[in-house]
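Got the viewer open? Let's take a short walk through this one, a stop at a time.

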Amino acid sequence: MSNELELLPLHKLGAWKDEQTSGKINFGLFLPGVSEKGKYELFVRVIHEKDQFLQDIPPIDFEMEHSIDPAYGDYWSATINIEAKAKLKSFSAWGTPGKYAYRYCLKTPKIQSLLTGLSTPLPGNLGLGNYLLSLSGTNTIRGTKMNWNGKPLS
């Protein structure tokens, strides 16, 4: 057994744009011991940053799928489609470029309401009580170019 720590696969964590399909966003999270066998359900709750304080526009919950990663165990993921035609209200900013706030929500068999505020391993930006994913410009969380406050990391 090696004493060297293995790094988590960053390409499977957090939120990132699907570079091959326009309007698709991927989410991924490892939650050891949290599986469908335990009757857990995990959701990602998403809302456009401009809509988050409008009472008429609630965030949209997307159910995440559970799988077993051979190296790390319980893994939850979802791919969502952000299109303007899917918006709930005509005045919503949903489907437009900008920042989308998201958070992970867990439903357990013991508690009827959703537990919100699960941490994400790669929160690109923090919003008010949420993590933000920018859909305008480059994704500074994934790929080879990483930025901190607009400055490249080397």
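How many residues sit between β5 and β6 in their hairpin? Keep that in mind while you get your bearings; the count comes up at the second stop.

**Start with the whole chain.** What you have on screen is a predicted model. Switch to a cartoon view and follow the chain from the N terminus: you'll pass strand after strand, β-β-β-β-β-β-β-β-β-β-β-β. The tally is 12 strands and zero helices.

**Next, select residues 65-69 and 73-81.** The 65-69 stretch is strand β5, and residues 73-81 are strand β6. Here's the hairpin, and three residues lie between its two strands. β5 and β6 run antiparallel, with five bridges joining them. For one of those pairings, click on Asp69: its bridge partner in β6 is Gly73.

**Now keep β6 and add residues 24-30.** That new piece is strand β2, which also runs antiparallel to β6 and is joined to it by seven bridges. Pick out Phe27 and look across to β6, where Ala78 stands opposite. While you're looking at strands, a handy tip: in a regular strand, side chains alternate between the two faces of the sheet.

**Finally, zoom out and turn on the surface.** The chain exposes about 9,900 Å², and 54% of that comes from carbon and sulfur atoms. Of the 154 residues, 37% are buried. And how much of the contact list is long-range along the sequence? Among contacts with a separation of 6 or more, 60% link residues 24 or more positions apart.

Technical notes: Residues are numbered from 1 along each chain as its sequence is written. This is a predicted model: local features need pLDDT of at least 70, side-chain atom pairs count only at pLDDT 80 or more; totals for chains, interfaces and linings use all residues. Side-chain values use heavy atoms; hydrogens and water are left out. Two strands pair if DSSP finds at least two bridges between them. Helices (H or I, at least four residues) and strands (E, at least two) are DSSP runs, numbered from the N terminus. Buried means under 20% relative accessible area, exposed over 50%, partly exposed in between (1.4 Å probe, protein chains only). Contact means heavy atoms within 4.5 Å. Accessible areas come from the Shrake-Rupley method with a 1.4 Å probe; for residues, only the protein chains shown count as cover.
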